[in-house]
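Here is a brief report on pockets and surface. Have the structure open while reading.

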Amino acid sequence: MNFKKLMLAGFFVFSPAQAAPIDDSIKCLALNMYYEARGQGTAELLAISYVVLNRVKDKRFPNTICEVVKQGPVRESWRKDGTYYPIRNRCQFSWYCDGKSDNPKNKSLYEKLLTVSKSILYDRTKSFIDITDGALFYHAYYVTPAWSKVKYRTARIGDHVFYRWDYK
């Protein structure tokens with residue numbers, strides 16, 4: 001078993017968070033890990049999660065995990081029933097408003113990510129060093145969004161490059 005798998009296994013085997021109830025924050029964080037970094041290692045899962053947690057702490061972003069994950073412009077339903085939907089392909093995290101189902105296909109992996117999410121939120125693993133160095137943004141290494149030119153690059157972890165507004 002390599003180090004990444006061993007570390008991830010530690011979340012599952014030794015975590016008292018497994019007894020904790022699954023609330024919306026846990027689900028939102030786990031879904032974000034699933035859709036943004038499911039094929040990556042533990043470091044990248046944690047880095048993606050740190051971006052969400054850093055945004056929650058930053059006054060320029062919403063103050064709950066689910067609000068951060070689901071942030072983006074919305075439009076009113078054509079039914080005019082007071083329901084609002086995210087505008088396709090305009091959300092902060094693209095998977096949330098890409099028009100596809102948000103129900104994970106790999107249920108086993110999603111269950112593991114729920115446990116990781118619980119560990120991050122309830123076991124104080126967020127007291128570990130933030131390996132993104134305060135990042136609030138990221139993108140895949142193989143694209144270069146226009147906004148990346150005006151942000152401070154903090155790290156490259158796996159397939160993602162991380163940024164924050166400015167130097168600390």
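The largest pocket has a lining of 23 residues. Nearest its centre lie Y35, E36, F93, S94 and W95. This is a predicted model.

**Pockets**

The volume of the largest pocket is about 720 Å³. Both α2 (24–37) and β3 supply at least two residues of its lining. β3 gives the most, with four residues.

The second largest pocket has a volume of about 230 Å³. Its lining includes the run Y84, Y85, P86, I87 and R88. Y96, C97, D98, G99 and K100 also line the second largest pocket, as do R75 and D102. Here strand β2 (residues 84–86) gives the most, with three residues.

The table sets out each lining by class.

| Pocket | Nonpolar | Polar | Charged |
|---|---|---|---|
| Largest pocket | ten residues | six residues | seven residues |
| Second largest pocket | six residues | one residue | five residues |

**Surface patch**

Which residues form a nonpolar patch on the surface? They are Y141, Y142 and V143. Together they have about 330 Å² of accessible area. V143 sits in the loop between β3 (137–140) and β4 (152–157). Is V143 buried or exposed? V143 counts as partly exposed because its relative accessibility is 37%, and that class runs between the 20% and 50% cut-offs.

Methods:
Residues are numbered from 1 along each chain as its sequence is written. This is a predicted model: local features need pLDDT of at least 70, side-chain atom pairs count only at pLDDT 80 or more; totals for chains, interfaces and linings use all residues. Side-chain values use heavy atoms; hydrogens and water are left out. Patches are made of residues with over 30% relative accessible area and no salt bridge: like charges are joined within 9 Å, nonpolar side chains (Val, Leu, Ile, Met, Phe, Trp, Tyr) within 5 Å. Accessible areas come from the Shrake-Rupley method with a 1.4 Å probe; for residues, only the protein chains shown count as cover. A salt bridge is a side-chain nitrogen of Lys or Arg within 4 Å of a carboxyl oxygen of Asp or Glu. Buried means under 20% relative accessible area, exposed over 50%, partly exposed in between (1.4 Å probe, protein chains only). On a 1 Å grid over the protein atoms alone, a cavity is a set of points where a 1.4 Å probe fits but cannot get out, and a pocket is an open set with protein on both sides within 12 Å along at least five of seven lines; lining residues have an atom within 4 Å of a point. Grid points are joined across faces, edges and corners, and a volume is the space filled by probe spheres set on the points. Ala, Val, Leu, Ile, Met, Phe, Trp, Tyr, Cys and Pro count as nonpolar, Asp, Glu, Lys and Arg as charged, and the others, Gly among them, as polar.
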